[in-house]
Each structure stands twice: as C-alpha cells, then as structure tokens.
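Open the model in your viewer and keep the sequence panel beside it. The tour moves from backbone details to the whole chain, then to the ligand and the pockets.

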Amino acid sequence: MKSIEQLTRANIRSLKPYSSARDEYSGLAASVFLDANENPYNKPNNRYPDPLQQTLKKEIAALKSVRPGQIFLGNGSDEAIDLLFRAFCQPQEENVVAIEPTYGMYKVCAGINDVEYRPVLLDEQYQFSADALLEHADAQSKLLFLCSPNNPTGNDLRREEIIRVLERFEGLVVLDEAYNDFSDAPSFLLELDRYPRLIVLQTFSKAWGCAAIRLGMAFASEEIIAVLNKIKYPYNVNRLTQEYARQMLHRRGDVERWVKQLKAEREEVMQRFARLKCTVHVYPSDANFFLVHLTDAVGIYNYLVGAGIIVRNRHHVALCGNCLRVTIGTRPENDRLIEALQNW
Ligand SMILES: *Cc1c(COP(=O)(O)O)cnc(C)c1O
C-alpha cells in the first residue's frame, strides 16, 4: 500500500504554503496587533479570523469523539471535495471511481480538475458490490467516492461492502455522510483510526439547519488533514460562520428535535405517496428526502412548479427514470404537496 505522502501530488508535496499574519503569530498573549494591515475600528469583524478554526474544531472534536487534528473545515463540503482532487489527483493522468447515481459535485469537481471520472452503476436496490466497483479501479485511481445515505436514492449503502472497499482500495476512500443524522446506521467516524485512508464528509447544511453559513467538515487522519490545510485558502471559513456554528453546538436539543420530527414526517409523507394514483414506487429512505417513481415525473414536476411547489426532477439521472426527489418539509408544506398531487 502507498503512504499518504506517496499518494499526494508531487507539486503539493514540495509546495511551500502561503504563511498569513495569523499563522506567524497565533499566540493569545499580545494585545496590540499591527501585523495584518487590518483596520483597528469596527470590532470584532475588523480582524482576520483564525485560519485553522481552532476553538470551533475543539468543540466539534468533543462532540464527535475525534481529535481536533482529524478535522478539516471548509466553505461547504464542496470545498473539501475540490481540495481532495487538487491534492491527490494528477490532471489528465489519474482517475477517480464513484457509485452512480450519486451526488453531482464529485463529477463536476473531477471535470474542473481535468481528472477522469469512472461512474459504476448501482444495482436495482441502489446497492453496490465492492468487487464490481474495484474492478474499475487501477494503479491511477486515487479517490473512490461513496455516499451513505446516498443522494438522490436516499438509502444507506451496505456496511460490509463499504468495509470491503476500505480494506482493498489502494487510494483514498471518501465516504459522504451528509445525511447520516437521519439514518439509524452508525457513522464511520469511529473507524478513522482503523482505516488510515478513510475520509468522512459531514456538513452543517442538512440536520444542523445551516445551509446558509456554508460549513462543511472532513474527518481523516492527521496526515491527510495536514495536506488539505496546506493548500486551502488561508481564511477559508469566515468569523461569522465560525461564531454561528459554535452557537449551534449549544443547540443540540433543537437539532435532535428537528431530526426526530423530520424522520417521523418522512414515514408519514412516504405512506401518503404510496396511496397516490400517480405513484409507481416509493423507494425506502434513510435521509431527509426520498425518491419516488411516478407515472409521469416530468409532467408532474411541471404541474407542481405551476402550483408553486418545487421538488427535484431526477428523470434524466441514471436508474432514476420517471423519478422525483422529494425533500421533507414542515407538516403544512408536505400537506400542500400531497393535496396538489391528489388533484393531478
Ligand atoms: C447536501 C449535500 C452535501 C452538503 O454540501 P455543502 O457544500 O456542505 O452544503 C454534501 N454531500 C451530499 C451528498 C449532499 O447531498
């Protein structure tokens, strides 16, 4: 097996990163800061934020039972995904493997970074076989993307298959757990020390109700996180976001209540969908959304738009013909959706 250092692109390995004023002096003892050309007025937003978000990371580490050095924070999970390509994939030479269908950003980031993207179709249950997936990998495969619960299919991937990939893939395994809070399956965060090439992605955008603040988390070995820190923009997470995220960490009760409510509402909405004349099949879900196969997805999508209700049309996505992806909203919002569909 290659080491993390061997997996890292040569130019990144030898890069001398930009050193910001806050990197060079990060102690707390000083009281006069004349080093960063900041304006002394308009506190507290006049100051550059902590480039490594140390206070916030300490609090997240305690919550997630990991070490602060195992956490990367970025401008959404999307920043971590992009940085993984930039750190580990040589453009035009190397490739990544992913399940299909899945979250669209992996493929977009591959395209932006000029890295070959190898999608491997899921089966009819939207599950994958580790062996089939790994058949598409070769010595140039640096990243392998799994998403569980998967978007847009909604289901958890089988744990034994994920483990088999972790044991056999020679590059880095990126496991996107954006929706894990809505699932009964345990997170792979607790397996980080067992699998040194595992990267787990989580986000403040879904269960935490904070899509607007743009805060994504990547969890991995200290060695992998150090590579991401080396190439990120110096002040990639602004002070307002760091501050608001810390406030949210003290609102765990609210988040737990939202998740519980959304899971209960999910079961309710899915049962009501199953009784609609226009429904062919409701796929099981471990997330805060579900996929539904309809008699005429595009017609129904356009009809709903006309009624001021927007769902996600997945008709053109592989294995999702005539499917819409429906996010669970509040009870009144879900009622409006069902009512509109009863009149279709
Ligand atoms: C919504 C979502 C995310 C979150 O992305 P952010 O950039 O953190 O908002 C990540 N992965 C998947 C699969 C998602 O559906």
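Select D114, in the loop between α6 (105-112) and β3 (116-121). Helices (H or I, at least four residues) and strands (E, at least two) are DSSP runs, numbered from the N terminus. D114 has a positive phi of about 60°, yet D114 is not a glycine.

This is a predicted model, with pLDDT of at least 70 needed for local features and 80 or more for side-chain atom pairs, while totals for chains, interfaces and linings use all residues. Numbering starts from 1 along each chain as its sequence is written, and side-chain values use heavy atoms, leaving out hydrogens and water.

Next, two cis peptide bonds. Go to the bond from E100 to P101: it is cis, with omega near 0°. P101 sits in the loop between β2 (95-100) and α6. Then select S148 and P149. The peptide bond from S148 to P149 is cis too, with omega near -5°. P149 belongs to the loop between β4 (141-147) and α8 (159-168).

Zoom out to the whole chain. Count 13 helices and 11 strands. The radius of gyration, taken over C-alpha atoms, is 22 Å. The globule rule (2.2 Å times the number of residues to the power 0.38) gives 20 Å for 344 residues, so the chain is as compact as a globular protein of that length. Turn the C-alpha trace along its principal axes: the spans are about 70 × 50 × 35 Å.

Now select the ligand. Which residues are the closest to it? They are D176, Y179, T203, S205 and K206, out of 13 that surround the ligand. A residue counts here if one of its heavy atoms lies within 4 Å. By class, this shell has four nonpolar, five polar and four charged residues. Ala, Val, Leu, Ile, Met, Phe, Trp, Tyr, Cys and Pro count as nonpolar, Asp, Glu, Lys and Arg as charged, and the others, Gly among them, as polar.

Show the polar contacts (pairs of N or O atoms within 3.5 Å). Three are worth a label:

- N151: a polar side-chain atom lies 2.9 Å from an oxygen atom of the ligand.
- K206: an N or O atom in the side chain is 3.3 Å from a ligand oxygen.
- D78: a polar backbone atom is 3.4 Å from a ligand oxygen.

How much of the ligand does the protein cover? The answer is 94% of the 390 Å² of accessible area that the ligand has on its own, by the Shrake-Rupley method with a 1.4 Å probe.

Move to the largest pocket. A pocket is an open set of points, on a 1 Å grid over the protein atoms alone, where a 1.4 Å probe fits, with protein on both sides within 12 Å along at least five of seven lines. Lining residues have an atom within 4 Å of a point. Its volume, the space filled by probe spheres set on the points, is about 720 Å³. Select R22, L28, Y48, P49 and D50, which lie nearest the centre among 24 lining residues. α3 (21-24), α4 (54-64) and α10 (239-249) each give two or more residues to this lining. The classes are nine nonpolar, six polar and nine charged.

Last stop: the second largest pocket, with a volume of about 390 Å³. Select K64, N180, D181, S187 and Q202, nearest the centre among 16 lining residues. α4 and α11 (252-274) each supply at least two lining residues. α11 gives the most, with four. This lining divides into eight nonpolar, four polar and four charged residues.

Definitions and conventions
A polar contact is a pair of N or O atoms within 3.5 Å; within protein, one must be able to donate a hydrogen and the other to accept it, and residues adjacent in sequence count only if both atoms are side-chain atoms.
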